[in-house]
Amino acid sequence: IDLRKIKPASTHYFGKDGDERIVDLIFQCPLKNGNGNLMAVIIFEHQSASLKKIPHKILKYISAIWDTEIKEGKKVLSAPYFIVLRTAKKPHRGAYPTMADSLPKGKDGQPVGKVVEVEYDVVDLPAWDFDKLIGGTVLRLVMGVLKKMIEGNEDEFPEAMMPLREITDEEQQIELTRELLDFVAKALAAHNRRLDAPTINRAMKTVFKEKGTSMMKTIFEEREELAEARGKAEGKAETVLTFLRARFKKVPKGVEETIRKMADPTALDSWAAHAATCKTLEEFEKSLH
């Protein structure tokens, strides 16, 4: 998708009175190839003990989107992508519910008839001290970070981290900061951009004030100790692998072994640059020989 062109979807997709629009967010994400859109629907489940209603809700959503697009005369319908943000005291365990779970079963235990299923992802968010996710710390934090990433202005990134100061539990604050920085670094790397140390330092001072320096050590001490133990070359090898995983998801075992065995920092720097710019994994593999 083209990150620069993401925008909220038209509000006429759901609900005559707009009730459902208040709780859920829909984004239109144009494809880079210009052949259509991905319709990303973020569904909020507050303190939910079960996800049973989600499959039916998802089918209603995508049906409403397609009905509207057909009426608008679109020949290519939007591809659906659903994310369920779930706030609960315990994470969801086991398989995600499906429409088949709610339908009658035959003697073989399988659902009767043809069942339409739409896949979805679930993200469990700890039930921190806020009453509602809408307008709450985590939502404003995530939206602020994504906005800065899309705009490409890393100088304003520390400002996007400001909502972290509202989390009073220091352990949760540190954990969320670590996860956010990991996510942002990988996302930027996938688009040939980098979250540099000065920007991270400013972000830490923004969130933790005078404790910024000590918090930097707390948040990054594990990876620093690991990098020191493995040496400079191995640290660079991890950078190359991070770029590859962020862009191509999986790295073949043979490629990973070749990268980890390389002891020349200059060669690893060259591989890192190539990993960030190559068009395909096959193209990168050729550079290893």
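**Close-up views of a predicted model**

**View 1. The whole protein.** Here we have 10 helices and 5 strands (DSSP runs numbered from the N terminus, with helices being H or I of at least four residues and strands E of at least two). This is a predicted model, where local features need pLDDT of at least 70, side-chain atom pairs count only at pLDDT 80 or more, and totals for chains, interfaces and linings use all residues. Residues are numbered from 1 along each chain as its sequence is written, and side-chain values use heavy atoms, with hydrogens and water left out. Of the 289 residues in the protein, 37% are buried (under 20% relative accessible area, with a 1.4 Å probe and protein chains only). Take the contacts (heavy atoms within 4.5 Å) between residues at least 6 apart in sequence: 61% of them join residues at least 24 apart.

**View 2. The largest nonpolar core.** A nonpolar core is a set of buried Ala, Val, Leu, Ile, Met, Phe, Trp, Tyr and Cys residues joined through side-chain atoms within 4.5 Å. This one holds 21 residues, and the ones touching the most other members are Phe157, Met161, Leu164, Leu181, Leu195 and Met204. Helix 3 (137–151), helix 4 (157–160), helix 5, helix 6 and helix 7 (212–248) each chip in at least two residues. Helix 5 gives the largest share of this core, 6 residues. Apart from it sits another core, of 19 residues, including Phe243, Val255, Ile259 and Leu281.

**View 3. The second largest pocket.** A pocket is an open set of points on a 1 Å grid over the protein atoms alone, where a 1.4 Å probe fits, with protein on both sides within 12 Å along at least five of seven lines. This pocket's volume, the space filled by probe spheres set on the points, is about 150 Å³. Its lining (residues with an atom within 4 Å of a point) is made up of Arg165, Ile167, Thr168, Glu170, Gln173, Val207, Phe208, Lys209 and Lys211. Sorted by type, that gives 3 nonpolar, 2 polar and 4 charged residues (Asp, Glu, Lys and Arg count as charged; Ala, Val, Leu, Ile, Met, Phe, Trp, Tyr, Cys and Pro as nonpolar; the others as polar). Helix 5 (170–189) and helix 6 (197–208) each supply at least two of the lining residues.

**View 4. Around Glu45.** Glu45 lies in strand 3 (residues 37–46). Its relative accessibility is 17%, so Glu45 counts as buried. Leaving out residues up to four places away in sequence, Glu45 touches Ser50, Leu51, Ile54, Lys57, Val84, Leu85, Arg86 and Thr87. Glu45 and Val84 are 39 residues apart in sequence, yet 7.0 Å apart in space, C-alpha to C-alpha.

Key: Buried means under 20% relative accessible area, exposed over 50%, partly exposed in between (1.4 Å probe, protein chains only).
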